[in-house]
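Here's a quick briefing to get you oriented. Have a look at the structure first, then read on.

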Amino acid sequence: MNRYARQMILPEVGTAGQARLAQARVLVIGAGGLAAPVLPLLAGAGVGHITLVDGDRVGLSNLHRQTLFAEADCGQPKAEVAAQRCRSLNSEITVAAVTQAVTPATAPAYVANADLVLDCADSYAVSYLLSDICRAATVPLLSASVLGLGGYVGGFCGGAPSLRAVFPDAPDSGASCETAGVLGPVVGMIGAMQAQMALTVLLELSPSPLGQVVQFDAQGFRASSFRFDGAPEPDGLFAFVAATELCDNDHIIELRADGAALHPAARRLAGDDIAQHLPPTSDTRLALCCATGLRAWRAAEQVRDIWPGEIVLVAASAS
């Protein structure tokens, strides 16, 4: 029996839909908790080409939610282990593993070769970076985030408004699963929903998840959604760039108190001191650097009205 018979019997799939899945090229950024349901579901469905990008290694504290991995995988590159699991599930598809973190310098080339991008990194710096690139390339983006007992997944770009159109301001908190905690089933449910959205986009079903956000509260077992098809794109965006893209002509400020600066020409300042040390006039670019991008983003919002030129953000975690 055809391995895809149970989905091909659906009128929404059929022979034509299965062929469409086999030809699809999907880019998955992040091989952690969200990818744990996403990857086997896409591989099992017969998505023909999957590129998986993640520079991290499997850790014991990940296993409660990153269910693609076992104890024996600890210390191994996540992308390689996850890719092999997908190949074991379906030998008919191609799965490429990239064992490097996505950065502003590398992301455009990855996106250019994809029909669909899935943001499973659960990093707001990566999410906004991918949104900017996907919007420019008109490539659909499915982005998800989980923290604590809740999360969301949404469809952006590819003709729909970008992530910035829905969430234009800096996040209220820099909390992560490492600092705030998370339960595994919440991640699994959001990831499964992300996989369902991916198949819906690839099969060109209606209504499209592009232009829609679904939110889920696992504590109260409540889900809600809203569409944002007509949301306007905000002005004055702060783009994320790689540290390697900085040059000596930039006005570079390092907001981290410790560690090596991301550029030799950087000046180390606290966030509250930036406005006092900016030149009165300048046509150069202002580059604000920090660990995750959050402090840089908030500092940019404080000085946007007094800096006449472009402001960019550099996150050490994504450079």
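Across the strand pair, Val213 sits opposite Phe226, a residue of E8. This is a predicted model, and the points below take you from that hairpin out to the whole sheet and then to a helix that packs on it.

**The hairpin of E7 and E8**
- Strand E7 covers residues 212-217 and strand E8 covers residues 222-227.
- The two run antiparallel and pair over six bridges.
- Four residues lie between the strands of this hairpin, and Phe221 has a positive phi near 55 degrees.

**The sheet**
- Eight strands make up an open sheet with mixed pairing, and they line up as E3-E2-E1-E4-E5-E6-E7-E8.
- At the edges you'll find strand E3 (94-98) and E8, each of which pairs on one side only.
- Going from one strand to the next, the twist averages 15 degrees.

**Helix H9 and the sheet**
- H9 packs on the sheet, where it touches E1 (25-29), E4 (116-119), E5 (141-147), E6 (150-156) and E7.
- The direction of H9 makes about 170 degrees with that of E5.
- How far should the 19 residues of H9 (residues 184-202) span? At 1.5 Å a residue they should span 27 Å, and the end C-alpha atoms are indeed 27 Å apart, so the two agree.
- After H9 comes Glu204, which has a positive phi, near 60 degrees.

How values were computed: Residues are numbered from 1 along each chain as its sequence is written. This is a predicted model: local features need pLDDT of at least 70, side-chain atom pairs count only at pLDDT 80 or more; totals for chains, interfaces and linings use all residues. Side-chain values use heavy atoms; hydrogens and water are left out. The expected span of a helix is 1.5 Å times one less than its number of residues. Two strands pair if DSSP finds at least two bridges between them. Axes are lines fitted to C-alpha atoms, for helices over the stretch in contact, and angles run from 0 to 180 degrees between N-to-C directions. Contact means heavy atoms within 4.5 Å.
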